[in-house]
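User: I would like to learn how to read a structure feature by feature. Can we take one chain and work through it?

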Amino acid sequence: ERILQEIAEAGVARVDGVAGKDEVKQLYDFVVEGLPEEGVTHHNVQLPLLLPVLNTTRKALGKVEKVFSTLMGGDSVLYELCSLVNLNGATRQRTHADFHYDIEDSSKMYSILLALQDITVEMGP
């Protein structure tokens, strides 16, 4: 499958259309509505398992389930569910890990990034 080959070769793959526009819009509104501080441009929001989050997550994971089953086997675990938000005026972030892990751990870890809006050059770095 194309996705598995891209992950093997480049460590990353783009998969379009994993969630519908309505689900993505509902999740975007849910996340933005709950942002804590005004004036802060970078947010890492832990997502509660409520309907807007569950609906979109289930749909997206369903589209890539076969890929992750192949990569990790049938007993994989969801480690973290969060939203990374950069608002207008945000500065470029330094290279960093979005979650902490033990480099000596032999477990495989993969991240899924689901864009909740179209990204444009005008939005900044």
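Analyst: We go from the overall fold to the strands, then to single residues and an aromatic pair.

User: What should I know about the model before reading it?

Analyst: This is a predicted model, where local features need pLDDT of at least 70, side-chain atom pairs count only at pLDDT 80 or more, and totals for chains, interfaces and linings use all residues. Residues are numbered from 1 along each chain as its sequence is written, and side-chain values use heavy atoms, with hydrogens and water left out.

User: How many helices and strands are in the chain, and what pattern does the chain follow?

Analyst: Start with the definition: helices (H or I, at least four residues) and strands (E, at least two) are DSSP runs, numbered from the N terminus. Here the chain has 3 helices and 2 strands. Read along the sequence, the pattern is α-α-β-α-β. The C-alpha trace spans about 40 × 35 × 30 Å along its principal axes.

User: How do I read burial and surface for the chain?

Analyst: Buried means under 20% relative accessible area, exposed over 50%, and partly exposed in between (1.4 Å probe, protein chains only). Of the 125 residues, 21% count as buried. Accessible areas come from the Shrake-Rupley method with a 1.4 Å probe; for residues, only the protein chains shown count as cover. The accessible surface of the chain is about 9800 Å². Carbon and sulfur atoms account for 52% of that surface.

User: What do the contacts say about sequence separation?

Analyst: Contact means heavy atoms within 4.5 Å. Take contacts between residues at least 6 apart in sequence: 75% of them join residues at least 24 apart.

User: How do the two strands pair?

Analyst: Two strands pair if DSSP finds at least two bridges between them. In this chain, 5 bridges join β1 (residues 42-46) to β2 (residues 82-86), and the strands run antiparallel. One of the partnerships puts Q46 opposite C82 in β2.

User: Which side chains of each strand are buried, and which are not?

Analyst: Look for alternation. In β1, H43 and V45 point to one face and are buried. H42, N44 and Q46 point to the other face and are not buried. β2 alternates too: S83 and V85 are buried on one face, while C82, L84 and N86 point to the other and are not.

User: Is S83 buried or exposed, and what does S83 touch?

Analyst: S83 has a relative accessible area of 6%, so it is buried. Not counting residues up to four places away in sequence, S83 touches V31, H43, N44, V45, L47 and L116. S83 and L27 are 56 residues apart in sequence, with C-alpha atoms 9.8 Å apart.

User: What about C82?

Analyst: C82 is at 23% relative accessibility, so it counts as partly exposed. Leaving aside neighbours within four places in sequence, C82 contacts N44, V45, Q46 and L47. From C82 to L113 there are 31 residues in sequence and 9.8 Å in space, C-alpha to C-alpha.

User: How is an aromatic pair described?

Analyst: A pair of aromatic rings is described by the distance of the centres and the angle of the planes. Rings of Phe, Tyr and Trp (its six-membered ring) pair if their centres lie within 6.5 Å; planes under 30 degrees apart count as stacked, over 60 as edge-to-face and the rest as tilted. A search of the whole structure finds 1 aromatic pair. The rings of F68 and Y110 have centres 5.9 Å apart and planes at 85°, so the pair is edge-to-face. The pair links distant parts of the chain: F68 lies in helix α3 (residues 51-72) and Y110 in the segment after β2, 42 residues apart.

User: Are F68 and Y110 buried or partly exposed?

Analyst: F68 counts as buried at 17% relative accessibility. Y110 is partly exposed at 33%.
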